[in-house]
Amino acid sequence: MKKYLSVILVLVLVFALSACAEKPAEETPSDTPSQEITIDLNALKNSIIEKAELVEPLEIDLENFCERYDVDASDVSDLVYITTLNGTFPDEIIIVKSANGDAKMRITEKFSSRLDEVKVQSRDYDAENYALAQECKIIEKDSYLALFISAKHAQMEKIFEESFNS
């Protein structure tokens, strides 16, 4: 008898809870989550090196990137960080796939600080380098952030943008 009473009480509880549950709203096309775009950062890196004709690019690893930019490694899902050491305006190419939205905001802040630093430093060079630094910007696409501090930034930005269209 106790078994039957227990089973009945469990069934009543299940029905009561399911009756109280809110019926989910019907999904509309705008409610469906958008598909996250994933790009091959290694292929993108190679494309930028080739098309922008970077001379002696030096690839920087995640540990050094995190140290240089004061970024927590857990905020980074994928990374390309290349620099060149030639010329008065050395190239600095950074593409980061952030781990999540909060991480993206933190990394954007670090990129913004770096860009401000470069703009201030470029004042001491010449008018041409100062003008180039003023044109550089942070680009956001889905969970990706890109910062191209380079005389060829416009070309690199275009290559980056095109990688999402292919």
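Phe111 touches Phe65, Tyr69, Ile94, Val96, Ile138, Leu145, Ala146 and Leu147, leaving out residues up to four places away in sequence. Contact here means heavy atoms within 4.5 Å. The model is predicted: local features need pLDDT of at least 70, side-chain atom pairs count only at pLDDT 80 or more, and totals for chains, interfaces and linings use all residues. Residues are numbered from 1 along each chain as its sequence is written, and side-chain values use heavy atoms, with hydrogens and water left out.

**Two cores**

Phe111 belongs to the largest nonpolar core, which has 19 residues. Phe65, Tyr69, Ile94, Val96 and Phe111 have the most contacts inside this core. A nonpolar core is a set of buried Ala, Val, Leu, Ile, Met, Phe, Trp, Tyr and Cys residues joined through side-chain atoms within 4.5 Å. Buried means under 20% relative accessible area, exposed over 50%, and partly exposed in between (1.4 Å probe, protein chains only).

Which elements give two or more residues to this core? They are helix 3 (62–69), strand 2 (76–83), strand 3 (92–98), helix 4 (101–122) and strand 5 (144–149). Helix 4 gives the largest share, 4 residues. Another core lies apart from this one. That core has 18 residues, including Ile39, Ile48, Ile95 and Ile159.

**The overall plan**

The protein has 6 helices and 5 strands. Helices (H or I, at least four residues) and strands (E, at least two) are DSSP runs, numbered from the N terminus. Along the sequence the pattern reads α-α-β-α-β-β-α-α-β-β-α. Buried residues make up 35% of the 166 residues. Among contacts with a separation of 6 or more, 55% join residues 24 or more positions apart.

**The sheet**

The 5 strands form an open sheet in the order 1-2-3-5-4, with antiparallel pairing. Strand 1 (58–59) and strand 4 (138–141) stand at the edges. Each has a single partner strand, so one side of each is left without a neighbour in the sheet. Two strands pair if DSSP finds at least two bridges between them.

Strand 1 pairs with strand 2 in the antiparallel sense over 2 bridges. Leu58 stands opposite Thr83 in strand 2. At the other edge, strand 4 and strand 5 pair in the antiparallel sense over 4 bridges. Ile138 has Leu147 in strand 5 as its bridge partner. Ile138 and Leu147 are also among the residues that Phe111 touches. Strand 4 and strand 5 form a hairpin with 2 residues between them. Asp142 sits in the turn, with a positive phi of about 55 degrees.

**Helices on the sheet and on each other**

Helix 4 lies across strand 2, strand 3, strand 4 and strand 5, at about 10 degrees to strand 5. Helix 6 (residues 153–163) lies across strand 3, strand 4 and strand 5, at about 160 degrees to strand 5. Axes are lines fitted to C-alpha atoms, for helices over the stretch in contact, and angles run from 0 to 180 degrees between N-to-C directions.

Helix 6 also meets helix 2 (residues 41–51): their axes come within 10 Å and cross at roughly 145 degrees. Leu44, Ser47, Ile48 and Lys51 in helix 2 meet Gln155, Met156, Ile159, Phe160 and Ser163 in helix 6. Ile48 and Ile159, on opposite sides of this contact, are both in the core of 18 residues. Beyond four places in sequence, Ser47 touches Ala52 and Ile159.

**Four residues compared by exposure**

Is each of these residues buried, partly exposed or exposed? The table gives the class of each.

| Residue | Place | Relative accessible area | Class |
|---|---|---|---|
| Ser47 | helix 2 | 17% | buried |
| Leu62 | helix 3 | 33% | partly exposed |
| Glu53 | loop between helix 2 and strand 1 | 59% | exposed |
| Glu56 | loop between helix 2 and strand 1 | 67% | exposed |

Glu53 has a positive phi of about 50 degrees although it is not a glycine. Glu56 has a positive phi near 50 degrees, and is likewise a residue other than glycine. Leu62 is in contact with Ala73, Val76 and Leu79, leaving aside neighbours within four places in sequence. The C-alpha atoms of Leu62 and Val76 are separated by 8.4 Å, and the two residues are 14 residues apart along the chain.
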